[in-house]
Amino acid sequence: MPEIIVIGGGAAGMAASLFAARAGASVTLLEKNEKLGKKVYISGKGRCNLTNDCDRDAFLAQVARNPRFLYGALHFFSPQDMMALLESAGCPVTVQRGRRVFPASEKASDVTRALTSLMREAGVRVRLNTAVQALETSGGRISAVLTADGGRFPADAVILCTGGFSYPSTGSTGDGYRFAADAGHTVLPPSPVLVGLETVEDWPRSLQGLSLRNVTLTLVRGKKTLYTELGEMLFTHFGVSGPLVLEASCHLPEDLSGVSLSLDLKPGLTPGQLDARLQRDLSANGKKQLQSILGGLLPARLADLFPFLCGLPGTLRCSQVTGEQRRILGEKLKSLSLTVRSPRPLPEAIVTRGGVSVREVDPGSMRSRIVPNLYFAGELLDVDAHTGGYNLQIAWSTGALAGSSAAKNSL
Ligand SMILES: Cc1cc2nc3c(=O)[nH]c(=O)nc-3n(C[C@H](O)[C@H](O)[C@H](O)COP(=O)(O)OP(=O)(O)OC[C@H]3O[C@@H](n4cnc5c(N)ncnc54)[C@H](O)[C@@H]3O)c2cc1C
């Protein structure tokens, strides 16, 4: 029976070890944490948006980096296969808005529990609190895996599933990039995606914690629109975050000069309708301060700040607002601009972009094109996708394919 060592017990490592064991290998999973799937536990705010119930073309359209590389993995183990696998292990799933799939209990821990029980049934040996330090090579192949506590695990094949650099407290500290580079692989510089954005303007900080629903956020560079969508966003101590901003971060160019966000705070109204509304509200509330009518259009904290954002005195009464000032108000409500300074750092990103170059990995097996008994799966690879369950599915699919191929190729 071939001996396969899987390094990293996140989503990809759990799938890889399960499929390698089911394909007839003797499998040991080495995980440096005290438990498996620490990142799965916090995924989807603890609810775990584990996949997206869409077909392959729709899935690949949501993959930002190297979608074609994933064709074989998704064919081998699709979102629907993942849903069926969990159901078979007593973890029913539910499909929600945008075809996002969650465990019916909405508890991420149920996903890990189901996978762990399948792994146990398949005979996977799990070694927790075991940090891998290096790969031992001999004759151009990996001969063993060396651990920080002095252990040596001889291997017929090794599957690297160590994740990226994001949320290092979950164990993703980039160790696999070093192992891959030592084995001769190209590792593309890691960068943050699905991450909050720091703004040059200070005012978002004063609105920290305020969430805006049903606004349109547009990412622009000069006159070019890089991303635009209706949804929800959040003001923070550094600038902006929330679902729309995380998605926008996937579309940031490397050079951020001239990149800004434009917020349409009233996407349901045309400029003409909005102007008519302002005109009506201003004339009906002549003695009141401008903020009071803005409070009918915006959340109170933003309404208080809004005259300042338009360069108008905070004490202005509605009857004093000139036609030109009303035009400025309407313009800012439809297009409030923020300058992007930078994405937040990698440890805060939902996903790490970059990593092991997919050019050096066979997409039909996840096998290294450089070291014949080395395999890769999950976020360690240079693939990433938008929000919606796609990133976890990438880990399940590449993990399942890597595990199965490693076992079959070693038999
Ligand atoms: C807050 C948050 C929420 C998210 N929510 C979602 C979501 O709802 N849906 C979705 O699709 N995606 C989500 N993601 C992204 C998704 O969780 C990841 O893309 C996915 O978990 C990556 O899986 P992985 O197995 O490749 O890596 P990881 O989950 O990072 O697992 C890597 C494992 O390797 C171990 N390891 C690392 N180095 C060593 C070593 N030297 N020795 C031994 N073990 C080692 C680590 O401890 C870790 O357990 C979220 C991410 C974050 C941060």
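**Why these labels apply**

User: What makes the pairing of glycine 389 with the ligand a polar contact?
Analyst: A backbone N or O atom of glycine 389 sits 3.4 Å from an oxygen atom of the ligand. A polar contact is a pair of N or O atoms within 3.5 Å (within protein, one must be able to donate a hydrogen and the other to accept it, and residues adjacent in sequence count only if both atoms are side-chain atoms), so this pair qualifies. Taken alone, the ligand exposes 1,000 Å², and the protein buries 95% of that; such areas come from the Shrake-Rupley method with a 1.4 Å probe, and for residues only the protein chains shown count as cover.

User: What sort of model is this?
Analyst: It's a predicted model, where local features need pLDDT of at least 70, side-chain atom pairs count only at pLDDT 80 or more, and totals for chains, interfaces and linings use all residues. Residues are numbered from 1 along each chain as its sequence is written, and side-chain values use heavy atoms, with hydrogens and water left out.

User: Which other polar atoms of the protein lie by an oxygen atom of the ligand, and at what distance?
Analyst: Serine 172 has a polar side-chain atom 2.8 Å from a ligand oxygen. For alanine 11, a polar backbone atom is 3.1 Å from one.

User: How many residues surround the ligand, and what puts a residue near it?
Analyst: There are 34, the closest being Glu31, Ser172, Asp175, Glu379 and Leu392. Near means that one of a residue's heavy atoms lies within 4 Å of the molecule or strand.

User: Which helix gives the most to that shell?
Analyst: H14 does, with four residues. Helices here are DSSP runs (H or I, at least four residues), and strands are E runs of at least two, numbered from the N terminus. The protein has 14 helices and 23 strands.

User: Why is threonine 28 called buried or exposed?
Analyst: Its relative accessibility is 5%. Buried means under 20% relative accessible area, exposed over 50%, and partly exposed in between (1.4 Å probe, protein chains only), so threonine 28 counts as buried. Across the protein, buried residues make up 55% of the 411 residues.

User: What does threonine 28 touch?
Analyst: Threonine 28 belongs to strand E2 (residues 26–30). Its side chain makes a polar contact with the side chain of arginine 125 at 3.1 Å. Leaving aside neighbours within four places in sequence, threonine 28 is in contact with Glu3, Ile4, Ile5, Val6, Arg125, Arg127 and Phe153, where contact means heavy atoms within 4.5 Å.
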